[in-house]
Amino acid sequence: MIQNVLSRIGGVGNYGVISICLFFVVFVGVLVWTFSLKPSYISEMRALPLDGAAPEPDADLTPNPGD
Amino acid sequence: MRAGNRGGPGVETFKYDNAIVRAFAIATVIWGLVGMAAGLLAATQMFWPALNMKLQFITFGRLRPLHTNAVIFAFVGNGMFMGVYYSLQRLCKARMFNDLLSWVNFWGWQAIIVSAAITLPLGLTTSKEYAELEWPIDIAIAVVWVIFTVNMFGTILRRRERHMYVAIWFYIATALTVAVLHIVNSMEVPASLFKSYSMYAGVQDALVQWWYGHNAVAFFLTTPYLGLMYYFLPKAASRPVFSYRLSIIHFWGLIFIYIWVGPHHLLYTALPDWAQSLGMVFSVMLVAPSWGGMLNGLLTLRGAWDKVRQDPMLKFMVAAVTAYGMATLEGPTMAIKSVWLFPRLYNTKLWSIKLANYHFWIALLGMVFYVVPIYVAGVTEGMMWKQFNKDGFLQYPNFLEVVQSIIPMYVLRAVGGILYLSGVVLMAFNLYKTAKSGQFQPDQEAQAAPLTREGASDEHSHGHRWLEAKPMTFTVLALVAVLIGGMVEIIPLWLVKQNVPTIASVKPYSSLELLGRDIYIREGCLGCHSQMVRPFRSETERYGEYSKAGEFVYDHPFTWGSKRTGPDLHRVGGKYPDAWHYNHMDDPRSTSPGSIMPRYPWLLTQTLDTACLPSRIKALRSVGVPYPAGYENGPAQKELEAQAAKVVGNRRRLPRRRNERLIVCEASNRLTKQEKRTGQIP
């Protein structure tokens, strides 16, 4: 069945090669990208969710009302 | 909210919208209770079918989609909106783009949930799993989702923080992909206000459905919650994420691979083999980014494990992240972040840490109780179905033997459900008391410098930094990544359409069969029965000839089902006399002792509405079912009456109840080889 399906698509022989290339390029691209980032930028981004955090209301050590 | 300017030069003062977050949080808890209670009722009916209380509306087939929809779209959906509306504002240092859009999003979503809760028990369903809602509700979902997306992008474009944190990428991927999935899978032709037929048939419909079904899990239950993990986990642990680089790889790996894996729901079916293989290979590859994400989450807690011991919120997070790595169960557990959010929204502390800890342990125990028995049941069932004796016959030819042997597992699963639900009740109480003890802050003031032109264009613009500073470019690339997977699967799918080998004897349903098929859909029979005999000897011995793609060319929608609580029904037509079916529907235990199928007495007493026939035939013709011209004006009705009269005649000619086995034996030329050999009739 697969031959039957694929034989109707023009130039199907290239599809597999194109897919493999695409994957290779995307994954290598992401890796290169990621490891070329400057450490200063990384630490800035990591701190983002913590930046300007509201004071933690349960940081004090008094017991919670229900306990 | 108009920004003030009293925080020093270049700093704007603005307010975060907490009211919308609270609304979604309350909805999450309420729908969680409703959805899980429905699930418990459904789980109990699996060993105690009489618990439908003789009501067709809450019989298992209709209750199951109600439970799944309530838990996925009402509970997890509201939880997702809650988390996104909270974290997006803070990560963008901006109030939500438009308050009106936020509230239309909220009330629109609740209206969709209520309409689902009304239509599903009424049997108004498309039968496609996790996409059961009928076409008017589908349109409403699309509209509300677009409103959410516009509101989100508006906020991102107005942000005061130059870079988009990784959580926001996950939110963007969610918004785009869910829209694509929902629209493609919901393509249907209406036959009436609450009845439609899928535009796709058979194999195509199955592939589109599971491309949707799996990615609904991926992009509705997983990616938004991963975004929330990357925001809330560092926040709750007060330490930054372990590796930001890993989070980038996690994101691109996940969205690029996830979209391909849908066909693993259709293994050994009539779906072309290449599509099944593709789905499997990508499923294995998906382990890498998933585990990468899990480790990233867990390693964020390094040096903070003492906090985990004290903080129930972190306990939930650890369980959720671990469960994500093992089975992607993170959705329900992570929605427990309400426990973290409530004290902050009400500017107080959690009412009882002890209670939250109880909740954690009860919920964990509950999950173990419902996951483990179901795994055991699944393996037992699979082995019993495939077991041959030394003479080469099926060891358990009677399907009911298998059913009976796993009933204890169903009972244990329901016990797990009770535990889990009790935990949620404790949480609801704890959150209620927390809210009572605090003071709600609808608008929380914050300050940040506006984004300047230089800042926005980025002086050192290269690599990923440049990309994620430009949300629109980022969005287009993420969409391309998602669409490639979808298109590679879907384009050959259309070509398959011309290549499904046609089988001359396969004809469109007769008018009576069509209405019968629609009753099968209405009652949710495919919640327990498959119609897909797989090409194994254990299957063909038990059920008959294996199913072929060409047999489903007129099935809009496909009705293969996805689980076998009861036996496969694809070859059951003509296997038993009509009288057997009459008695079986009235009381399944009269013909099949030990059966756990619910009774369907209303099928014997309700009048069949044939007025809908013309519109249904027309709708089906418009999607390609070759009914002859004018068939709906007269011939359909006549044919229906003739076929019905024949069935009724058959029932009258045969004795009722006691002699069923005899009757079945008389019809033995319709039995499978196995049954003829052994004389055992399921």
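## Exercises on a two-chain predicted model

Chain A has an average pLDDT of 71, and 58% of its residues score at least 70. The model is a predicted one, so let us start with confidence before moving on to packing.

### Exercise 1: Sizing up chain A

Find which element of chain A has the lowest mean pLDDT and which the highest, and state what share of the chain counts as buried.

Solution.
- Step 1. List the elements: chain A has 3 helices and 0 strands, in the order α-α-α from the N terminus.
- Step 2. Rank them by confidence. Helix α1 (residues 2-6) of chain A sits at the bottom with a mean pLDDT of 52, and helix α3 (residues 39-46) of chain A at the top with 86.
- Step 3. Decide how far to trust the details. Where pLDDT is low, the predicted coordinates should not be read in detail.
- Step 4. Turn to burial: 9% of the 67 residues of chain A count as buried.

### Exercise 2: How chain B is divided

Describe the make-up of chain B, then work out how its two domains meet.

Solution.
- Step 1. Count the elements of chain B: 26 helices and 4 strands. Of its 682 residues, 47% count as buried.
- Step 2. Look at contact range. Taking contacts in chain B between residues at least 6 apart in sequence, 80% join residues at least 24 apart.
- Step 3. Split the chain. The domain assignment gives domain 1 (14-445 + 466-489) and domain 2 (513-678) of chain B, and their C-alpha centres are 34 Å apart.
- Step 4. Examine the boundary: 43 residues of domain 1 of chain B are in contact with 47 residues of domain 2 of chain B. On the domain 1 side, the elements giving two or more residues are α2, β2 (188-192), β3 (195-198), α6, α13 (353-386) and α14 of chain B. The top contributor to that side is α2(B), with 5 residues.
- Step 5. Sort that side of domain 1 of chain B by class: 22 nonpolar, 15 polar and 6 charged residues.

### Exercise 3: Locating the cores

Where does the largest nonpolar core lie with respect to domain 1 and domain 2 of chain B?

Solution.
- Step 1. Identify the core. The largest one has 156 residues, and B:Phe24, B:Tyr85, B:Ala167, B:Ile168 and B:Ile255 have the most contacts inside it.
- Step 2. Ask which helix supplies the most to this core: helix α6 (residues 202-237) of chain B, with 22 residues.
- Step 3. Check domain membership. Both domain 1 (14-445 + 466-489) and domain 2 (513-678) of chain B give residues to this core, so it lies between them.
- Step 4. Note a separate core of 7 residues, among them B:Ala191, B:Tyr197, B:Ile617 and B:Ala619.
- Step 5. Zoom in on one residue. Leaving out residues up to four places away in sequence, B:Phe24 touches B:Asn78, B:Phe81, B:Met82, B:Tyr85 and B:Phe106.

### Exercise 4: Reading one helix face

Show how the buried residues of helix α23 (residues 613-622) of chain B are arranged about its axis.

Solution.
- Step 1. Pick out the buried residues of this helix: B:Leu613, B:Arg616, B:Ile617, B:Ala619 and B:Leu620.
- Step 2. View α23(B) down its axis. Its buried residues fall within an arc of 160 degrees, so they line one face of the helix.
- Step 3. Recall the helix geometry. With 3.6 residues a turn, residues three or four places apart in an α-helix point the same way.
- Step 4. Continue past the end: just after α23(B), B:Gly624 takes a positive phi of about 110 degrees.

### Exercise 5: Buried or exposed?

Classify B:Ala414, B:Met53 and B:Tyr130 as buried, partly exposed or exposed.

Solution.
- Step 1. Recall the cut-offs: 20 or more other C-beta atoms within 10 Å make a residue buried, 12 or fewer make it exposed, and counts in between make it partly exposed.
- Step 2. B:Ala414, in helix α14 (residues 399-437) of chain B, is buried because 23 other C-beta atoms lie within 10 Å. B:Ala414 touches B:Leu40, B:Ala43 and B:Thr44, not counting residues up to four places away in sequence.
- Step 3. B:Met53, in the loop between α1 (19-45) and α2 (60-92) of chain B, has 9 C-beta neighbours inside 10 Å, so B:Met53 is exposed. Its phi is positive, about 55 degrees, although B:Met53 is not a glycine.
- Step 4. B:Tyr130, in the loop between α3 (99-119) and α4 (135-157) of chain B, has 19 such neighbours inside 10 Å and therefore counts as partly exposed.

Conventions:
Residues are numbered from 1 along each chain as its sequence is written. Chains are lettered from A and ligands numbered from 1 in the order in which they are written. This is a predicted model: local features need pLDDT of at least 70, side-chain atom pairs count only at pLDDT 80 or more; totals for chains, interfaces and linings use all residues. Two residues are in contact if their C-beta atoms, placed from the backbone, lie within 7 Å. A nonpolar core is a set of buried Ala, Val, Leu, Ile, Met, Phe, Trp, Tyr and Cys residues joined through C-beta atoms within 7 Å. Domain bounds come from an automatic or database domain assignment. pLDDT is the predictor's confidence in each residue, from 0 to 100. The arc is that of the directions from the helix axis to the C-beta atoms. Ala, Val, Leu, Ile, Met, Phe, Trp, Tyr, Cys and Pro count as nonpolar, Asp, Glu, Lys and Arg as charged, and the others, Gly among them, as polar.
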